[in-house]
Amino acid sequence: MALQPELSQAGQGRRGAQKFTEKWQSSISGVLFGRSASYAPDSAELARARARWATPVNRPSLRLLLWSAALLAFLVWSWQGVGADVVKLVREIADAQPIIEQFADPDWSILQDAIDATVVTVQMSVIGVLGASIISLPLGLLAARNVASTPVYMGTRLFLSFVRCVPDLVWAICFVVIVGLGPFAGTLAIVVGSSGSFGKLFAESIESVDPKPVDAVRATGAPNISASVWGILPQAFPMLLSYILFYWESTVRNAAIFGLVGAGGIGQLIDLHLGLLRYDRLAVDIVCIFVAVVMIDRISALIRSRLL
């Protein structure tokens, strides 16, 4: 009986030591990692983790080695195909010094013309992205496996692939021939060129939604159109909006290139200044595009924070 108090005191001491260890571990983990400990002391999870960490890394399998060798051979083949010559690049970069000097001293006398052309470019991108989004939404539904039948799905996918395989600059040239020079041709090129990419991205977003709400809507006897509107689009809306905002920024850069073929915007000034070798004025054009892209990025971030 005399040993009972001593055993009780020993048990309390062990429990106190264990609590101290847990508190110490939690404090250290919070300081080092900003969170509580992943495993409790002397737990089965900790023992398994220690055994896993103590196991040496297995040697790579033959399949992994073969895939790595194939990837390396593919990269070497690609490098040889582009004719890359880093030594020549470093040796000849001194020839670009006159261009760099003109870029460092922009001709701000054309600033107002560059701003006006940049505003037109932004307007082209806004209308173009909006039109592409409206066209691509039904195309995305028809190209989604969980919405359309197999023949419709395959046909729409082939159509979107065809639209994407045509470069945007080619679309701009086609519309310049059809409607004439000016920003309207560039806007149409953005609408058609972007609809191919939007349609594919929208379809993949629609295919990734949770099917349970869609099944619930269809269980009420609603047709596919109602199921798509009330069960699919609300789930896919955040991803769709993210794609639209991202492409809005990239479309500004594409619209600047369309001006090279007479499709309006800042690209016409870029083409003019490149032809005259006026890199000091080209620097002003690039600064205007940079400011426009930064503003669009901030607006996109504001829209995401309010709607997503």
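Is aspartate 280 buried or exposed? Aspartate 280 is buried, with a relative accessible area of 12%. The model is predicted. It holds six salt bridges and six aromatic pairs, and part of its surface is a nonpolar patch of about 770 Å².

**Salt bridges around arginine 278**

- Arginine 278 forms a salt bridge with aspartate 280, and the closest N and O atoms of the two are 3.0 Å apart.
- Salt bridges with shared partners join Asp107, Arg278, Asp280 and Arg281 into one network.
- Within this network, the side chain of arginine 278 also meets that of aspartate 107, at 3.3 Å from N to O.
- That pair links distant parts of the chain, 171 residues apart: arginine 278 is in the loop between α12 (266-275) and α13, and aspartate 107 is in the loop between α5 (97-103) and α6.
- Arginine 278 has 28% relative accessibility, so it counts as partly exposed.
- Aspartate 107 counts as buried because its relative accessibility is 17%.

**Salt bridge between α7 and α9**

- Arginine 157 and glutamate 207 meet through their side chains in a salt bridge of 3.4 Å, N to O.
- Here too the pair links distant parts of the chain, with arginine 157 in helix α7 (residues 150-165) and glutamate 207 in helix α9, 50 residues apart.
- Arginine 157 is buried, at a relative accessible area of 19%, whereas glutamate 207 counts as partly exposed at 30% relative accessibility.

**Aromatic pairs**

- One of the six aromatic pairs is that of phenylalanine 198 and tyrosine 247, which is edge-to-face because the ring centres are 5.0 Å apart and the planes stand at 75 degrees.
- Phenylalanine 198 lies in helix α9 (residues 183-207) and tyrosine 247 in helix α11 (residues 224-258), so the pair ties together parts that are 49 residues apart in sequence.
- Phenylalanine 198 and tyrosine 247 are both buried.
- Ring pairs link Phe198 and Tyr247 with Phe202 and Phe246 into a cluster.

**Nonpolar surface patch**

- The patch is made by Trp108, Leu111, Ile115, Val119, Val287, Phe290, Val291, Val294 and Met295.
- At least two residues of the patch come from each of α6 (111-142) and α13 (279-307).
- Helix α13 supplies the largest share, five residues.
- Isoleucine 115, one of the patch residues, is found in helix α6.
- Isoleucine 115 has 33% relative accessibility and so counts as partly exposed.

Technical notes:
Residues numbered from 1 in each chain as written. Predicted model: local features only at pLDDT ≥ 70, side-chain atom pairs only at ≥ 80, totals over all residues. Heavy atoms only, no water. Phe/Tyr/Trp six-rings, centres within 6.5 Å; stacked < 30°, edge-to-face > 60°. Helix = DSSP H or I, 4+ residues; strand = E, 2+ residues; numbered from the N terminus. Buried < 20%, exposed > 50% of the residue type's maximum accessible area, 1.4 Å probe, protein only. Patch = residues over 30% accessible without salt bridge, like charges linked within 9 Å, V, L, I, M, F, W, Y side chains within 5 Å. Areas by Shrake-Rupley, 256 points an atom, 1.4 Å probe, with all protein chains shown as cover. Salt bridge = Lys/Arg side-chain N within 4 Å of Asp/Glu carboxyl O.
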